[in-house]
Amino acid sequence: GIRAHRPAKDSGSTMGGWYAAHGLYRPEELGGLSVTRYAQAVRAEGAPCSPGMNAALHLHPLFNTADVYGHGKPTRIANTSRDVRQPKGSLPVSERVGALTYSIPWFKHYRRDIIEQYAEAYRKPADQYQELLADDPGNPSHLGGWHFFSHG
């Protein structure tokens with residue numbers, strides 16, 4: 001139910017610049033457990049974890065309602081012959097990605113014992129998902145935000 005998100009082994013990447021990595025979440029492999037409840041359980045084990053990631057940009061008000069230059073209508077459509085905005089539901093994969101991802105800590109130094117403790121904190125709720133199903137609140141209608149280092 002939880003997967004690492006990283007380049008293929010033969011890609012040549014060291015991931016040296018990957019400072020905001022996220023894990024991939026597969027609720028169907030964990031009895032439908034929401035990523036929200038999973039993240040709560042990880043935090044209860046002592047590791048930082050937030051459900052979701054950056055929200056889909058096509059829904060951001062800047063792209064849909066903001067009149068940045070004072071045209072009298074949203075800047076995105078101020079110089080178009082048709083409405084090019086993408087409404088909610090138009091990009092379902094982008095809109096659902098928050099329910100399929102969770103944050104993981106950024107380890108700036110290789111401290112094996114701490115990394116192993118955190119890995120166990122992420123592994124344990126996945127291994128014991130059946131115990132978490134009873135009080136699963138489900139995911140809110142919107143996971144993630146339009147910011148980089150916190151999720152709300």
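Start with the surface of the whole protein, which in this predicted model exposes about 9,900 Å², with carbon and sulfur atoms supplying 54% of that area. With the surface still displayed, colour the charged side chains: there are 17 positive and 14 negative charges, and the mean positions of the two sets lie 7 Å apart.

Now hide the surface and show the chain as a cartoon, in which five helices and three strands can be picked out. Followed from the N terminus, these elements come in the order β-β-α-α-α-β-α-α. The radius of gyration is 19 Å, well over the 15 Å that the globule rule gives for 152 residues, so the protein is more spread out than a compact globule. Along the principal axes, the C-alpha atoms fill a box of roughly 55 × 40 × 25 Å. Of the 152 residues, 28% count as buried, and among the contacts that join residues at least 6 apart in sequence, 66% link residues at least 24 apart.

Select α1 next, residues 35-44. Seven of its 10 residues are buried, so this helix is largely enclosed by the rest of the structure. To see which ones they are, show the side chains of V35, T36, R37, Y38, A39, A41 and V42. The cover over these buried residues includes the strands β1 (2-3), β2 (22-25) and β3 (101-103), together with the helices α4 and α5. Just past the helix, stop at G46, which follows α1 and has a positive phi, near 100°.

Return to α1 and centre the view on V35, which is found in this helix. With a relative accessibility of 0%, V35 counts as buried because the cut-off for that class is under 20%. Leaving aside residues up to four places away in sequence, V35 touches Y25, P51, G98, A99, T101, Y102, N139 and L143. A distance drawn from V35 to P7 spans 23 Å, C-alpha to C-alpha, for two residues that are 28 apart in sequence.

From here, select the largest nonpolar core, a set of 18 residues in which Y25, L33, Y38, Y102 and Y122 touch the most other members. Helices α1, α4 (112-127) and α5 (129-132) each supply at least two residues of this core, and α1 gives the most, with five residues. L33 is a useful place to pause: not counting residues up to four places away in sequence, L33 touches Y25, P27, Y38, Y129, L132, L133 and D136.

Two further stops lie outside the helices and strands. The first is K9, in the loop between β1 and β2. Is K9 buried or exposed? At 87% relative accessibility, K9 counts as exposed, because the cut-off for that class is over 50%. Drawing a line from K9 to Q130 gives 32 Å, C-alpha to C-alpha, across 121 residues of sequence.

The second is P140, in the segment after α5. P140 has a relative accessibility of 44% and therefore counts as partly exposed, a class that lies between the buried and exposed cut-offs. To end the tour, draw the distance from P140 to T65: the two C-alpha atoms are separated by 24 Å, and the residues are 75 apart along the chain.

Technical notes
Residues are numbered from 1 along each chain as its sequence is written. This is a predicted model: local features need pLDDT of at least 70, side-chain atom pairs count only at pLDDT 80 or more; totals for chains, interfaces and linings use all residues. Side-chain values use heavy atoms; hydrogens and water are left out. A nonpolar core is a set of buried Ala, Val, Leu, Ile, Met, Phe, Trp, Tyr and Cys residues joined through side-chain atoms within 4.5 Å. Buried means under 20% relative accessible area, exposed over 50%, partly exposed in between (1.4 Å probe, protein chains only). Helices (H or I, at least four residues) and strands (E, at least two) are DSSP runs, numbered from the N terminus. Contact means heavy atoms within 4.5 Å. The radius of gyration is taken over C-alpha atoms; the globule rule is 2.2 Å times the number of residues to the power 0.38. Accessible areas come from the Shrake-Rupley method with a 1.4 Å probe; for residues, only the protein chains shown count as cover. Lys and Arg count as positive and Asp and Glu as negative; His and the chain ends are not counted. The place of a charge is taken as NZ of Lys, CZ of Arg, CG of Asp or CD of Glu.
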